[in-house]
Amino acid sequence: MNHFQGDSLSWDLKDGVIELALHRAPCNELGSLTLDEFEKFANALKNLAHEAHALIIYSTLPSGFCAGADLRELYHRSQQMAKDEAIKGVSEFLERTHRVLNAIDAAPLTTIAGVHGVAFGGGFELALVCDLIIADKMARFCFPELRLGLIPGFGGIPRLKRDLGNSVVRDLLLTGRSVNATKMQSVGLVSQVVAEGEVLKLARATAAQIGKFDRHTAIAAKQFIKPIPYEELRREIDIFCELFSRPSVEAGLRKFVESTDAQPYLP
Amino acid sequence: MPTTDQTLEEILSLAASHFKVPREKLSADDDFFKTLGIDSLQTLDLLTRLEHHFQIELPDYELQGVSDFRTLANRIQARL
């Protein structure tokens, strides 16, 4: 399936480049609908990869790349279930999300996240599965999970550790602060910072450059330099579910979800 | 190093220019959420512009509870 138009995402294969566009308002929150369509993409990717040398993931929404997991859906669904059932549901959701993200991480082509606006939580984790991150100068990255009593659940810590020094990982995780694209370039995560509104154009130019290389060599290099931390990813799901079962997390999520302030609740 | 008043003036000018509000309609003690009519994502946008403008890092948690330009200027001044 070289083309797909969904409610939350779409993709198109053209000239050896797959462009995966996110477009679920308000800011591509990752909930069950988006996951369903991401699973379609992960399945299609096996065949798409035969014809493509690069994948670009970007957002068509002005608000940003992706604001992370759909916490409202997570909270409201959990409220409708018994505690054990809710934790089982969260675990299954994380397992499915990890399967998709692991497939993109390991895809035999060069993957580029074109990031503008916010890349928070799960949005940051989506960018982290890509081989290269190209960021608009106004992009912001953040792992706010600890501020709600959780850890990132979509592979954030293992993949951040893979790419960055541990002190940077601790800073981002333990403070939960958001940082701009220039900072993320200075620590080595963002490969290119581009002018406002130029992300997709520059991501396409990078994909075109990659297309000049021998594909077999590019795949071999990627397998050599980008190991996937499967064991830690597995452990992350267990820790997330353990933390999710605590009443303080439910209370924090409730405050966040019910907040109507211009600045949402985050301690 | 600029004075706090100079920093405040630069913030007001930047906010007026980016959010297309006449500069004369903004004052130091305004609630910038109301005056600029901005939401949480636009607040992050303003934060990023201020970081670029002043060449500083300003952790967003330092802005928790901050809603007026004067306090914002004080937070920035502490990092210049």
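The crossing of helix α2 and helix α11 in chain A is left-handed, a label used when the near helix is turned anticlockwise from the far one by less than a right angle, while a clockwise turn is called right-handed. In this predicted model, local features need pLDDT of at least 70, side-chain atom pairs count only at pLDDT 80 or more, and totals for chains, interfaces and linings use all residues. Residues are numbered from 1 along each chain as its sequence is written, chains are lettered from A in the order in which they are written, and side-chain values use heavy atoms, leaving out hydrogens and water.

Two packed helices are described by the angle between their axes and the distance between the axes. For α2(A) (residues 71-79) and α11(A) (residues 247-258), the angle is about 125 degrees and the axes are 10 Å apart. Axes here are lines fitted to C-alpha atoms, for helices over the stretch in contact, with angles from 0 to 180 degrees between N-to-C directions; helices are DSSP runs (H or I, at least four residues) numbered from the N terminus. The two helices are therefore oblique to each other, oblique being what remains after under 35 degrees (roughly parallel), over 145 (roughly antiparallel) and 65 to 115 (roughly perpendicular). Among the residues in contact (heavy atoms within 4.5 Å) are A:Leu71 and A:Tyr75 of α2(A) and A:Leu253 and A:Phe256 of α11(A).

Chain B offers another pair to look at. Its helices α1 (residues 4-18) and α3 (residues 40-54) pack at about 130 degrees, with axes 11 Å apart, and are therefore oblique to each other. Their crossing is right-handed. The contact includes B:Ile11 and B:Leu14 of α1(B), together with B:Leu46 and B:Leu50 of α3(B).

Back in chain A, the axes of α5 (residues 156-163) and α10 (residues 230-244) come within 8 Å and cross at roughly 145 degrees. Here A:Ile157 and A:Arg159 are among the α5(A) residues that meet α10(A), where A:Leu233 is one of the partners.

Now for the interior. The largest nonpolar core has 70 residues, and A:Ile18, A:Phe141 and A:Leu160 have the most contacts inside it. Such a core is a set of buried Ala, Val, Leu, Ile, Met, Phe, Trp, Tyr and Cys residues joined through side-chain atoms within 4.5 Å, where buried means under 20% relative accessible area (1.4 Å probe, protein chains only). Helix α1 (residues 32-51) of chain A gives the most to this core, with eight residues. A second, separate core of 31 residues includes A:Cys142, B:Leu12, B:Ala28 and B:Ile56.

Conventions. Buried means under 20% relative accessible area, exposed over 50%, partly exposed in between (1.4 Å probe, protein chains only).
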